[in-house]
Every structure is written in C-alpha cells, then in structure tokens.
Amino acid sequence: MSNLHPDQADLIGQARKLQSMLESAVDAIITIDGSGIITTVNPAAARLFDYPQDAFIGRNVHFLMPEPYHSAHDGYIANYRRTGDRKIIGIGREVTGRRRDGSLFPMHLAVSEFEMDGRVHFTGIIRDLSDQKTTEQALRQAQKMEAMGQLTGGIAHDFNNLLTVIIGNLEMLEAKLTTSGQRELATEALEAADLGARLTSRLLAFARRSHLEPEVVNLNDFVLGLTDMLHRTMGSTISLSNALTPRLWSTRIDPSQVESAIVNLAVNARDAMPNGGRLIIETGNVIVDAAMSEDLEGLPPGEYVRLSVADTGEGMPASVRERAFEPFFTTKEQGRGTGLGLSMIYGFAKQSGGHATIYSEIGRGTTVNIYLPRHGTGAAQSEEQDETGTGIAGKTVLVVEDDSRVRKLTVNRLESLDYATLVAADAHEAIAILESGAEIDLVFTDLVMPGGISGYELARRVAESRPDLPVLLTSGYADELVRRDADAIAHLKVLGKPYRLAELAQAIAEALGD
C-alpha cells in the first residue's frame with residue numbers, strides 16, 4: 001500500500017471498513033442497481049434467505065419476494081424513477097420475504113438510494129420479524145384469554161349466587177310439601193339447579209377461579225388407575241397405550257381436576273377418530289429453560305411434570321387450534337359438546353402454576369400437553385379431616401355476605417339447623433360486631449366483598465384479634481386463595497357456592513370442631 005497515492009490508500013481503507021461492517025452486520029443487507037439486479041449481498045442475507053452468497057449476484061431481487069410483489073417489483077422501481085412516488089424508499093415498511101424452500105416470513109425493509117458512477121443504486125436493510133411476530137401473537141392470545149377469564153369468572157360467580165338462593169329456597173320449600181307430585185317437581189328443579197352448578201364449575205375452572213384442593217401425587221398412578229375405564233370408553237377400534245416415565249417427579253395438584261382432564265382429552269381423542277386409531281398417554285420430566293419459556297407463553301423456567309395425550313385422529317386446522325381453549329368454542333355438532341372441556345383443562349393448568357398447549361395438523365392427529373410444576377420431595381399430605389360432625393344447637397354464627405338474597409337465605413338455613421345468627425353486609429360491619437364483644441362461635445364469610453376488605457383479610461384480622469374464633473369461608477370462586485398467600489389460610493375450609501344444606505351443616509360442624 002506504500003506505493004499507492006494517499007487518496008487511493010484512503011479509499012481502499014474505507015472499502016475494507018465497509019466490507020467488514022457488511023460481513024459483521026446482524027441484519028441482511030442487499031444492494032441493487034436501477035434495474036433491480038443484485039450487486040452485493042452480505043452473509044446475514046445469505047443466512048436469512050438460505051442461499052449461497054454467489055447465488056444472489058446478477059439476479060433480479062424479486063426472486064426473494066412472493067406474489068404479487070414478485071411481478072410488481074420492477075414496476076415499483078420504474079414508477080419511482082419516473083414520478084418520484086415512494087413506497088418503501090426512505091420510508092421503510094413491513095413486507096413478506098420468501099426463502100429458498102418457498103417458506104414465507106415477515107420482515108422489515110428499509111431502502112435508501114445512492115449514486116455510483118453516475119448511476120442510481122439502492123441499498124435494502126432487512127430485519128427478520130418472525131420472532132417478534134410470534135411474541136406479539138402470544139401476548140395477544142394471553143391477553144385475550146385473561147380478559148375472557150375475567151369476564152367468564154365474574155358471570156359464573158354472580159350466577160353461583162343466584163343458584164345458591166334457588167337451591168336453598170327449593171330445599172326449604174321441599175321440606176314443607178305434602179304430596180309426592182309436589183316433591184317430584186321440587187326434586188326436578190333441584191336437579192336442574194345442580195346441572196347449572198356443574199356448568200358454572202367448569203366456567204370457573206377456565207377462569208382460574210375454582211377452589212382447588214391440591215395433594216402431592218404421581219401422575220403415573222392416575223394414568224394407570226384410569227386405564228381400564230378408558231379401554232372401555234375408547235371401544236375396540238382405538239388402541240390405547242401408555243408411555244410413563246419410571247422415575248416421574250411428583251406434582252401438587254387437585255386429583256379430581258387431573259382425572260377430569262385425562263378423561264376429557266381421551267373422549268375428545270375418541271371423537272376425533274371415528275374410524276379408529278391410536279391414543280397415547282405419556283408422562284415425562286421436563287426442565288423449562290428461557291428458550292422454552294418463550295415457546296410456552298412465558299411459563300417460568302424450572303422443573304415441570306408433563307402429561308401428554310396424543311391421538312392419530314383428524315387433527316385441527318390452525319384456525320380451530322388457535323381457539324380451542326376458548327370457552328364454548330366447539331366444532332362438534334349441536335348436542336355433542338359444550339366447548340368447555342379444553343377450556344377447563346387450560347384453566348386448571350394455569351391455576352396450578354403450569355400451562356397447556358395444543359399441537360395439531362389436519363390428518364396427523366392432535367397432542368395436548370399439560371405442564372405442572374414439580375413438587376419437592378416428600379410424601380403427600382392429606383388435607384382432609386377423617387371425621388365429620390353435626391352442628392350443636394345454641395351456637396352463634398356471624399354471617400358476612402354482601403348479597404342480600406344470599407344473606408337472607410343463609411340466615412334461614414342456619415336457623416333451620418338450630419344456630420343463632422348475627423348478620424353483616426360487609427367486613428366493616430363484621431369487625432364492628434366483633435369489637436362490640438358479642439358472643440360469637442363462628443364467622444361465616446364470603447371471600448369477595450366490596451368495601452376494600454375481603455373475606456381473606458377479615459379471616460386474618462380475626463386470627464390476630466381472636467385466635468380461638470374459627471372462620472369458615474365461602475365463595476363462588478376462590479380467587480383470593482389463588483392470588484394471595486394461600487398458606488396463610490390453608491387451615492381454613494372454603495365452602496363453594498352453590499351448596500346443599502347438608503354440605504353447609506357439615507362444613508360448619510367441621511369448622512366448630514364438633
């Protein structure tokens with residue numbers, strides 16, 4: 001370089017600097033001449049479009065574009081040079097690229113113009129938006145599911161209050177009926193109300209407002225325990241097999257929910273294989289790292305137990321797969337499904353600290369994965385009491401309920417059980433009664449109430465001021481138990497609305513220690 005003119009040496013140095021920048025750039029960079037012919041391309045572009053670098057040079061850049069842009073590209077350049085009308089040059093926009101294998105991907109394209117040797121050239125800087133679009137779609141889906149959950153949970157909670165009033169009054173009316181025909185009408189009405197209660201329980205499972213009663217379990221035991229029943233349910237045309245990890249980690253879940261999930265998934269699989277096929281239930285230990293966390297909609301990294309139910313059935317198109325967890329969404333004919341099975345499973349997994357995913361393709365079957373957090377070592381501890389009692393007449397119950405109809409019904413039911421009652425419309429009134437020194441043997445409070453003090457907070461204050469006074473919680477959904485420190489009131493029972501008189505009597509007797 002010592003024999004070169006200083007200006008020439010400077011130009012060579014600038015060229016080498018530019019070459020180094022092109023080769024190290026993360027974004028794809030392509031230059032074309034005024035006719036759209038590629039003159040230079042950097043390694044990032046070769047990686048992005050999956051062509052060798054020398055395969056670009058001398059070709060029209062429109063080979064990297066799908067239709068209709070492929071055919072219209074040369075016209076864009078000609079129109080710009082003739083009119084100055086800019087579509088991308090100096091503006092930038094999101095467009096679609098085409099890789100060598102024909103697959104399409106979203107990208108951001110920024111184009112600048114420059115002159116060299118008296119001729120116009122263009123430089124395009126391309127950024128792959130695939131990961132960004134995937135993240136945005138996952139965020140939108142999560143936000144949609146959360147909004148649907150809040151709406152569904154609120155409706156189901158209010159409906160549970162109505163069912164509590166309906167069931168309670170029907171039971172009290174039934175006791176006063178004199179003829180078998182009258183009792184039969186009341187029984188049918190009660191059965192219909194029970195069906196409504198089961199419907200709201202499934203809605204609450206989706207909304208993550210169900211009261212779970214978790215135990216430390218091994219999922220292999222549940223799969224094995226259900227195998228005989230599933231064989232009968234599937235029929236002779238469907239082959240059922242298990243692939244169970246021998247040293248499966250324990251998880252802390254509600255056993256009834258996981259059993260319901262397995263049965264629901266198996267029934268869905270059967271319906272997807274009208275001409276027969278295979279159903280495989282698999283368990284496994286999974287360590288979720290940061291990369292997997294992104295694929296699982298932000299599931300926190302850690303150790304999980306995965307339950308997979310796979311079939312070789314008809315599969316789902318993408319439009320169905322994306323909505324499969326939504327409540328009431330179903331592709332089954334009318335009368336064959338409520339559209340709540342998968343939504344209940346999704347809610348159960350989320351409320352348990354895990355996640356659920358669906359993988360499905362038309363003609364290749366469907367796999368549903370449920371991820372549940374690993375529980376620490378140690379034997380499962382039963383949270384149920386061995387004995388139940390009956391109420392003792394003469395004891396006083398403080399009823400704390402903001403819904404006037406539910407409050408009136410609860411008082412009537414308790415008095416029918418020979419309990420004396422005091423009433424409060426919210427926690428503030430309850431605290432005033434407690435501070436008055438009134439004789440109270442039990443506080444029976446709703447969990448979710450207006451006024452800024454929940455049943456959870458009321459229970460905590462009672463524990464601090466009168467530790468010997470028992471508290472029984474009730475709710476259409478146990479949202480406070482889920483969102484807050486559940487361990488603080490783990491010793492308290494939650495009586496789910498709607499409930500039968502016998503369930504109320506048993507819950508109060510247990511809370512009083514009778």
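This report describes how two helices and a five-stranded sheet are arranged in a predicted model.

The sheet is open, with its five strands following the order E7-E9-E10-E12-E11 and a pairing that is mixed. Strand E7 (238–243) and strand E11 (355–361) form the edges, each of them pairing on one side only. Averaged over the sheet and with direction ignored, neighbouring strands are turned by 15 degrees against each other. Within the sheet, strand E10 (residues 302–311) and strand E12 (residues 365–373) run antiparallel and are joined by eight bridges, and Val305 stands opposite Leu372 in E12.

Helices H6 and H7 each lie across strands of this sheet, as the table sets out.

| Helix | Strands it lies across | Direction |
|---|---|---|
| H6 | E7, E9, E10 and E12 | about 175 degrees to E7 |
| H7 | E7, E9, E10 and E12 | about 30 degrees to E10 |

The two helices also pack against each other: helix H6 (residues 219–234) and helix H7 (residues 255–271) meet at an angle of about 35 degrees, with their axes 10 Å apart, and H6 passes H7 in a right-handed crossing. From H6, the residues making this contact include Leu219, Phe222, Val223, Leu226 and Met229, while those contributed by H7 include Pro255, Val258, Ile262 and Val263, together with Glu259 and Arg270. Sorted by class, the contact of H6 with H7 has 13 nonpolar residues, one polar residue and two charged residues.

Technical notes. Residues are numbered from 1 along each chain as its sequence is written. This is a predicted model: local features need pLDDT of at least 70, side-chain atom pairs count only at pLDDT 80 or more; totals for chains, interfaces and linings use all residues. Side-chain values use heavy atoms; hydrogens and water are left out. Axes are lines fitted to C-alpha atoms, for helices over the stretch in contact, and angles run from 0 to 180 degrees between N-to-C directions. Helices (H or I, at least four residues) and strands (E, at least two) are DSSP runs, numbered from the N terminus. A crossing is left-handed if the near helix is turned anticlockwise from the far one by less than a right angle, and right-handed if clockwise. Contact means heavy atoms within 4.5 Å. Ala, Val, Leu, Ile, Met, Phe, Trp, Tyr, Cys and Pro count as nonpolar, Asp, Glu, Lys and Arg as charged, and the others, Gly among them, as polar. Two strands pair if DSSP finds at least two bridges between them.
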